[in-house]
Structures are given as C-alpha cells and as structure tokens.
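Work through the following exercises with the sequence and the model at hand. Each task is followed by a solution in steps.

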Amino acid sequence: MSRKFIVAGAQLGPIARDESRVSAVARMIDLMTLAHARGARLVVFPELALTTFFPRWFMEDSAEINAYFETEMPSAETLPLFEKAAELGIGFHLGYAELTAEGRHFNTAILVDQTGKIVGKYRKIHLPGHREHEDWRPFQHLEKRYFEKGDTGFRVFDAFDGKVGMCICNDRRWPETWRVLGLNGAELVVLGYNTPFHYPPAPSHDHLQYFHNELSVQASCYQNGMWAVSVAKAGREEGCDLIGGSVIVSPLGEVVTRATTVGDELITATIDLDRCAEIKENIFAFAKHREPEEYAAITAPKT
C-alpha cells in the first residue's frame, strides 16, 4: 500500500488581541477548504492558533490570563473546525492554550483525524522566556509564567498510515526532541510556532532568525529520517514582528516548499512516508550505529 499523500501547512498572519476565536476559526476553515481542494489529507495550523501570542504581556489577573485558555476541545467556538474537517475528510493539527479541569495551564497541540476525532495530544516541554516582568525588554516572553512544562512526553501516534509525532515552537530547536521522537518511530512531525523576529537577549542574532528556523528542522529531519511540517503564526502582531518561513522538509533534510509571505498562506507538498527508510535503514540506522552508553551527559541532571 502506498503511503504517499499530500500535506498542507496553514500559516496564519497576525491575530489581534481583540480578534475573536470565531474569526480565527473562520480563517482556518478557509485554509482547510483550500487544502482539501489541493488534495491534502492533513493540514497543520500553528502554535496558539486561536488567539494572539499573549505571553508578550505581563498580566497578574487570573481571569484576564485564563481568558486566553481553552477549557474544552472542541469548544463551541472551535467545533466548526472539527465539523468541517469531518465533512471534507481531512485531518488537522491545532495549537492552543489549555486550561485543565484541575487548573493546570499548558501550551498544547492536538492531532485530529479525517473523521474529526482527536487522536493525539502533546504539551510543550521546552518553554522559553522568563517568569517575571523585565522592564528592559520591548515586549515580554512569559511562557514560563503562564504555562507548566508539558507532561505528555514525546509520544508518537498511529495516524495517516504512519507514525506521527508533535512538538511546539522552541522544542524544534532542541535535538533531543527529534531524537526521542525518532527513537519512538516517528515518520512525520507536525509543529507550529510563534517566533519573534527580534530576540532581545541577543539582538545580533536577529538576521539569522529565518536561517535558524530552517536549520533546526532540516538537520533534525535528516538526522532522524522523518518528514516535518513546520508552520508559523507570522506578521506584525500587536506591534511585534513574527517570522513566517513555514516549511515542509523531507527525510533527506531538503526544504520541499516554504511560505513566501507573513500572512495567511497555504503551502502543500506530496510526501512519501516510505522514503524515511532511506535514512532510518542506512546512515542513521539507530540499532546499528547509535552508541547510547556514550551519551549519559545528555540526560544528566541540570546543574
């Protein structure tokens, strides 16, 4: 049986602070409909796709903070996206802020199959930024304040005739993310990000933001023999410039296609999960060539 199919990356432009979830979902439905028209079986939406990137602001009022979080999925506002997916027979990946019944806060992503059923969930592990207000920054990056470290681990799910893993934004920069997904058999990784163009702690890196974005995904796909669909929320959002650069990358590390704008844009490519074997059975055949007894420093406690 062929495991070749079309995937889509649905980049979103800015979402204003006062833009409703209904509006964001309507934009995603438009992109999903276009993805279906292009023959896609799976469409990938970005991190925190339902709201503006709220960690850029320091907030202390719990009601104000919780207003950015979802307490159920699907909710009344997001149900139309699930219904459209089932109607079209297309799966999707969605990132959002999750507030659990126990009052825990996570940066979360879900994988939904072609029937509109949630078949996978991941909670972001590598949280960047800081916890307290830092006056010197032109904007804040308070993910460590608003989210707990994810508790799902790097799981892989049986979906779309293959093994699908997820990660979120900063996770993509860490080789350990991809290696654990690879060790768990991932053939396709789907992820979203909200990445500012300006990096206040090291502004001399700003001109490398697009390069580092692609470098992380390309190297990781090659070193683990997997496809990736990496999708941005992009553009000038509430005075903060977010990079675009959404890409689909092959197991050989090649960028198959990339976004060219910083607005709502759909990219598509035909992927073949069987091509993962070219890497997994040769250059990076884990069982043959890994030497894990030499890697203890990787998992040593933080100092």
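**Exercise 1: Two helices on a sheet**

Task: Determine which strands helix 5 (residues 175–183) lies across, and at about what angle it runs to strand 7.

Solution. Helix 5 lies across strand 6, strand 7 (162–168), strand 8 (188–193) and strand 9, and its direction is at about 160° to strand 7. Helices (H or I, at least four residues) and strands (E, at least two) are DSSP runs, numbered from the N terminus. Contact means heavy atoms within 4.5 Å. Axes are lines fitted to C-alpha atoms, for helices over the stretch in contact, and angles run from 0 to 180 degrees between N-to-C directions. Helix 6 (residues 209–224) lies across strand 8, strand 9, strand 12 and strand 13, at about 160° to strand 9.

The model is predicted; local features need pLDDT of at least 70, side-chain atom pairs count only at pLDDT 80 or more, and totals for chains, interfaces and linings use all residues. Residues are numbered from 1 along each chain as its sequence is written, and side-chain values use heavy atoms, with hydrogens and water left out.

**Exercise 2: Order and pairing of the strands**

Task: Give the strand order of the open sheet of six strands and state which strands stand at its edges.

Solution.
1. The order is 6-7-8-9-12-13, and the pairing is mixed. Two strands pair if DSSP finds at least two bridges between them.
2. Strand 6 (156–159) and strand 13 (255–258) are the edges; each has a single partner strand, so one side of each has no neighbour in the sheet.
3. On average, neighbouring strands of this sheet are turned by 20° against each other, direction ignored.
4. Strands 6 and 7 are antiparallel over four bridges, with Asp-158 opposite Lys-163 in strand 7.
5. Strands 7 and 8 are parallel over five bridges; Cys-167 has Leu-191 in strand 8 as its bridge partner.
6. Strand 9 (residues 227–232) and strand 12 (residues 247–249) are antiparallel over three bridges, and Ser-230 stands opposite Val-247 in strand 12.

**Exercise 3: Backbone and burial**

Task: Find where Phe-160 is placed, and decide whether Phe-160 is buried or exposed.

Solution.
1. Phe-160 sits in the loop between strand 6 and strand 7. These two strands form a hairpin with two residues between them, and Phe-160 in the turn has a positive phi of about 55°.
2. Phe-160 counts as buried at 4% relative accessibility. Buried means under 20% relative accessible area, exposed over 50%, partly exposed in between (1.4 Å probe, protein chains only).
3. Six of the seven residues of strand 7 are buried, so this strand is largely enclosed by the rest of the structure.
4. Leu-48 also has a positive phi, near 45°, in a residue other than glycine. Leu-48 belongs to the loop between strand 2 (40–44) and helix 2 and is buried, at 1% relative accessible area.
5. A cis peptide bond, with omega about 0°, joins Met-73 and Pro-74. Pro-74 is in the loop between helix 2 (62–66) and helix 3 (79–88).
6. Leu-111, in strand 4 (residues 105–112), is buried with 0% relative accessible area. Leaving out residues up to four places away in sequence, Leu-111 touches residues including Leu-42, Phe-160 and Val-164.

**Exercise 4: Salt bridges**

Task: State how many salt bridges there are, then locate the partners Lys-124 and Glu-47.

Solution.
1. The count comes to 23 salt bridges. A salt bridge is a side-chain nitrogen of Lys or Arg within 4 Å of a carboxyl oxygen of Asp or Glu.
2. The side chains of Lys-124 and Glu-47 form one of them, at 3.0 Å, N to O. Lys-124 is in the loop between strand 5 (118–123) and helix 4 (143–146), and Glu-47 in the loop between strand 2 and helix 2, 77 residues apart.
3. Lys-124 is buried at 0% relative accessible area, and Glu-47 is buried at 1%.
4. Arg-104 and Glu-148 form a salt bridge at 2.9 Å, N to O. Arg-104 lies in the loop between strand 3 (91–99) and strand 4 and Glu-148 in the loop between helix 4 and strand 6, so the pair ties together parts 44 residues apart in sequence.
5. Arg-104 is partly exposed at 31%, as is Glu-148 at 29%.
6. Salt bridges that share partners join Glu-98, Arg-104, Lys-121, Arg-123, Glu-148 and Asp-151 into one network.
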